[in-house]
Amino acid sequence: MISLEWMPPLMFGGLVIFMLIGFPVAFSLMAAGLFFSLIAMSEGFFGMAFLQAIPQRIFGSVLANDLLLAIPFFTFMGAILERCGLAEEMLDSMGQLFGRVRGGLGYSVIIVGFILGAITGTVAAQVIAMAMISLPVMMRYGYNMRYATGVLAASGTITQLVPPSLVLIVLADQLKTQSGSADVGSMYLGAWGPSLLQIALFALYTFFLARIRPDDLPPAPEGELTLKGWSLWKKCLMGIIPSAVLIFLVLGTIMTGIATPTESGAMGAMGALLLAWIRRANIPNLKGLIQEAYQNTMRITAMVVFILIGSTCFSVVFQGVDGGRWVEELFSSLPGGWIGFLIVVNLFVFFLAFFLDFFEIAFIVVPLLAPVAVKLLSPVLLDSMNGNPQAAASAALVWFGVMLCVNMQTSFMHPPFGFALFYLRGVAPKEVKSSDIYWGALPWVGLQLMMVVVVMAFPALVTTLLDKPAAIVQSQDFNFTGEENKSDNSTSKVDEDAPVSFQLDKSVK
């Protein structure tokens, strides 16, 4: 005999066991959900009819979800831009521009990583492209190997936070509660402040490191700086202008309300195809590139859909055994109020990121934490949202989602499953030691965790750009109604031309 209170923690434990056995995450979620549904039905917690919610939610919330259509569009766009030569031109021109400065190649990698993050949205493409181009140059100039590998991996993971990040789209889909929801446009607006601050933090770290240990970040030799004056600026603009046009197609249309995220993703995919056609002279096999992009998009989209189906199966059964109430009571009773909640959640997500991908964390954990986040964080933002509780609830979800996004960047950076480190190891020359790659990532993980603390302490960094609704007028203070309407407002029709008199419910002293 199993009590209802024990079912939610047993489900989490069972999920961990299924994954430790070696099942893929999507099938582990399905297996855990179906296995514990049999136990729940045998114990009488719910009947067979309750499981009808699983196919209904799969077809209603997954397969018929228009927002998720943006994922294949952004994935296809990133796959095209990965190999169209744009990254090579920008890295080369930025390296020439900052080459005379100590740490100049580090600055160029950070800036190009930010620009590529705003047009590709994929970590793998960014890390591989920048490492193949910049790492041999850094080695030739005599850069410290740990700094070189660390800045390349960290600048690749910034794409997780910079709009149009796939993580932000997935989080916007999962951060939905009865009190409020986080739409993609708001998530993009909220992510800009932390994105720019994180780039500044990376550049500041490079600046101080160049001052403290100048031999580790030397300037480029004069013989390598072949471009000067207008020819240098022209090459820089040739990479920046197409990127700016794509950024407007994708982000500008969303933020100005011209297009939905799915429509902007489609325009971005068409823009990437057009850019690849314009640069076809630099692409050996354009047709093969497009076919490979289709295959990559299909593979990632199928993975996301299967994880979503598995998480739906798990979450329906989890809610059926009062798992939502168990999570709310568990996190609401933490000491320290909303601060204690954010500290524990961020430590929990940071720990999960050692073993799970951001898709898995978003689909499994975020829907369970969203109601608690609204309950605890909405009062913190109520004054900044002009006392509007619904706006405060939505802003709280955006703040919470962006904070998790900053945190989940570390899943690509820390061992043992830091995918950015795996990508870097795969393309780095043999003389680069794996120990240098792992040790080099640690300072940048520390900078990312510092950003988590900053976003936690200063919510205005996320909410400043969000729409502020008009203040709600309290109806109990003044009641502006017509006298005739006040006496009989159910049957009489008010003459629009008749004068209307107003009176105060309370006497004014």
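This note reviews the salt bridges of a predicted model.

1. **Overall count.** The structure contains three salt bridges. The points below take each pair in turn, beginning with the pair formed by Arg146 and Asp436.

2. **Arg146 and Asp436.** A salt bridge joins Arg146 to Asp436, with 3.3 Å between the closest N and O atoms. The partners lie 290 residues apart, and the pair thereby links distant parts of the chain. Arg146 belongs to helix H8 (residues 145–157), while Asp436 belongs to helix H20 (residues 434–457).

3. **Setting of the Arg146 pair.** The two side chains may also be described by their accessibility. Arg146 has a relative accessible area of 38% and is partly exposed. Asp436 has a relative accessibility of 15% and counts as buried, because the cut-off for buried is under 20%.

4. **Lys176 and Asp173.** Another salt bridge is formed by Lys176 with Asp173, and here the closest N and O atoms are 3.6 Å apart. The acidic partner, Asp173, counts as buried, its relative accessibility being 8%.

5. **Arg213 and Asp216.** Arg213 forms a salt bridge with Asp216, in which 2.7 Å separates the closest N and O atoms. Is Arg213 buried or partly exposed? With a relative accessible area of 44%, Arg213 is partly exposed. Asp216, by contrast, counts as buried at 18% relative accessibility.

6. **Points to retain.** Asp436, Asp173 and Asp216 each count as buried. Of their partners, Arg146 is partly exposed, and Arg213 is likewise partly exposed. A reader may wish to begin by locating helices H8 and H20, which hold Arg146 and Asp436 respectively.

Terms used: Residues numbered from 1 in each chain as written. Predicted model: local features only at pLDDT ≥ 70, side-chain atom pairs only at ≥ 80, totals over all residues. Heavy atoms only, no water. Salt bridge = Lys/Arg side-chain N within 4 Å of Asp/Glu carboxyl O. Helix = DSSP H or I, 4+ residues; strand = E, 2+ residues; numbered from the N terminus. Buried < 20%, exposed > 50% of the residue type's maximum accessible area, 1.4 Å probe, protein only.
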